[in-house]
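Okay, thanks for coming, everyone. I'll put the structure up and then walk you through a few spots in it.

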Amino acid sequence: MNNSVYSLSTFNWQKLLHEWEESSLVLPFLLDGLYKDRSIWEKHLSKKLVENIEKNYNLNLPTISTVQEAQDGTIKFLVKFIDGFEVETVLIPFHKRFTVCLSTQVGCAMNCSFCYTGTQGYKRNLSSGEIVSQYLLARKWLKDKSPTSLDPSIVFMGQGEPLHNVDEVKNAIEILNDPKMIGIGKRQMTLSTVGHLSGIHKIKDFPQINFALSLHSPFQEERSKLIPINESNRLIEVIQALDEIPLLPRQFITYEYLLIKDFNMSDKHVEGLTTLLKKRKAIINLIPFNPFPGSQWQRPGADEIESFKNKLVANKLRVMIRTTKGAEILAACGQLKVNKLARDKDARSE
Ligand code: SF4
């Protein structure tokens, strides 16, 4: 049964309680039992209600097929759903708190040329319950190891384009944010898109989560070589759509910029980025490219990275360099790839 109980929002639960002729007063106990301690159900829920939930919904979390830990503390889970499909979920250490990188689709239809996931093709969307379940699994794993650890924050940057599955992602964000359910603050969540225009229009009024755009080139034609959807979802229109997102005073849009050797790091690119972003509430996140098996692009040297950054800073842009995490277990950005078939195929061709 792929009807995950973790897909249900408070509103859905209220409707269900009404349908099942149960008092709405049990809702806090129901949610505490589901997300904190199942023994609460025995004390506060009728047997009939528990039976109704168990009969109609799948209460199990997906299983963890493998766990890989990198030396820098990054942990990559291969998470298996009830139909056998798998995605990768990554816990990334960041100062005193972990961030969990959630997948939103099995595979991806966007086919970006810098991305390992893109080589795998699209299989299916994840339901909101499957997205939320990845978070619950990763958090449980972390708390089992270190009970005092803080709840991880969230980035939607795993496998898939989140806005290509916008309705399920929106529902997942509501459930993750709801203080009666999981209670992750909106500012603790960042959604990254390659520029899915209709998705941006659908989600832009979703207040106060953070947004990131995979930019990678300030030039329309060049960017299309990296991100094919850029041909139909034109960069200038994507930027204008992002301009419409209401931001809090200290909130910025993050523009992710992969640093690719001999491709997008010239002075022309510095000028292009300056023209595009100088007047915007923008942070540029420079990400040195992480090679993967068969990739056509190369990583620049440390000096080139530093020099490119300094030129942007000299033009008064806000710039960060993202340190690569988990590269040796292919858990870094753009390196995630899904299923056993793909892994077996890679192993055979090595
Ligand atoms: S970068 Fe993101 S959108 Fe592009 S292929 Fe990879 S997972 Fe899909």
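So, His216 sits in the loop between E9 and H8. Keep in mind that this is a predicted model. Is His216 buried or exposed? With 24 other C-beta atoms within 10 Å, and 20 or more being the cut-off, His216 counts as buried. What does His216 touch, if we skip residues up to four places away in sequence? The list is Arg223, Leu226, Ile227, Tyr257, Leu258 and Asn264. And there's Ile260: it is 44 residues from His216 along the chain, yet their C-alpha atoms are separated by 8.8 Å.

Next, Leu259. Leaving out neighbours within four places in sequence, Leu259 is in contact with Met265, Leu286, Ile287, Pro288, Phe289, Pro300, Ile305 and Phe308. Leu259 also belongs to the largest nonpolar core, which has 71 residues. Leu259 is among the residues with the most contacts inside that core, along with Val100, Ile154, Leu176 and Ile284. Which helix gives the most to this core? That would be H6, residues 166-177, with 6 residues.

Now have a look at helix H9, residues 235-243. Its buried residues are Leu235, Val238 and Leu242. Looking down the axis of H9, those buried residues fall within an arc of 60°, so they line one face of the helix. The general reason is that an α-helix has 3.6 residues a turn, so residues three or four places apart point the same way. Over on the other side of H9, you've got Ile236, Gln240 and Asp243, which are exposed. And what do the buried residues of H9 pack against? They pack against helix H7 (197-203), strand E9 (210-214), helix H8 (220-226) and strand E10 (253-259). E9 and H8 should ring a bell, as they flank the loop with His216.

On to the ligand. There are 12 residues around it, and the closest are Cys108, Met110, Cys112, Cys115 and Gly118. By class, that shell splits into 5 nonpolar, 6 polar and 1 charged.

Last bit, the domains. The domain assignment gives domain 1 as 5-56 and domain 2 as 63-349. Their C-alpha centres lie 34 Å apart. The contact between them takes 8 residues from domain 1 and 13 from domain 2. On the domain 1 side, helix H2 (residues 27-35) supplies the largest share, 3 residues. That side of domain 1 has 5 nonpolar, 3 polar and no charged residues.

Okay, that's my tour.

Key:
Residues are numbered from 1 along each chain as its sequence is written. This is a predicted model: local features need pLDDT of at least 70, side-chain atom pairs count only at pLDDT 80 or more; totals for chains, interfaces and linings use all residues. A residue is buried if 20 or more other C-beta atoms lie within 10 Å of its own, exposed if 12 or fewer, and partly exposed in between; C-beta atoms are placed from the backbone. Helices (H or I, at least four residues) and strands (E, at least two) are DSSP runs, numbered from the N terminus. The arc is that of the directions from the helix axis to the C-beta atoms. Two residues are in contact if their C-beta atoms, placed from the backbone, lie within 7 Å. Domain bounds come from an automatic or database domain assignment. Ala, Val, Leu, Ile, Met, Phe, Trp, Tyr, Cys and Pro count as nonpolar, Asp, Glu, Lys and Arg as charged, and the others, Gly among them, as polar. A residue is near a molecule or strand if its C-beta atom, placed from the backbone, lies within 6 Å of it. A nonpolar core is a set of buried Ala, Val, Leu, Ile, Met, Phe, Trp, Tyr and Cys residues joined through C-beta atoms within 7 Å.
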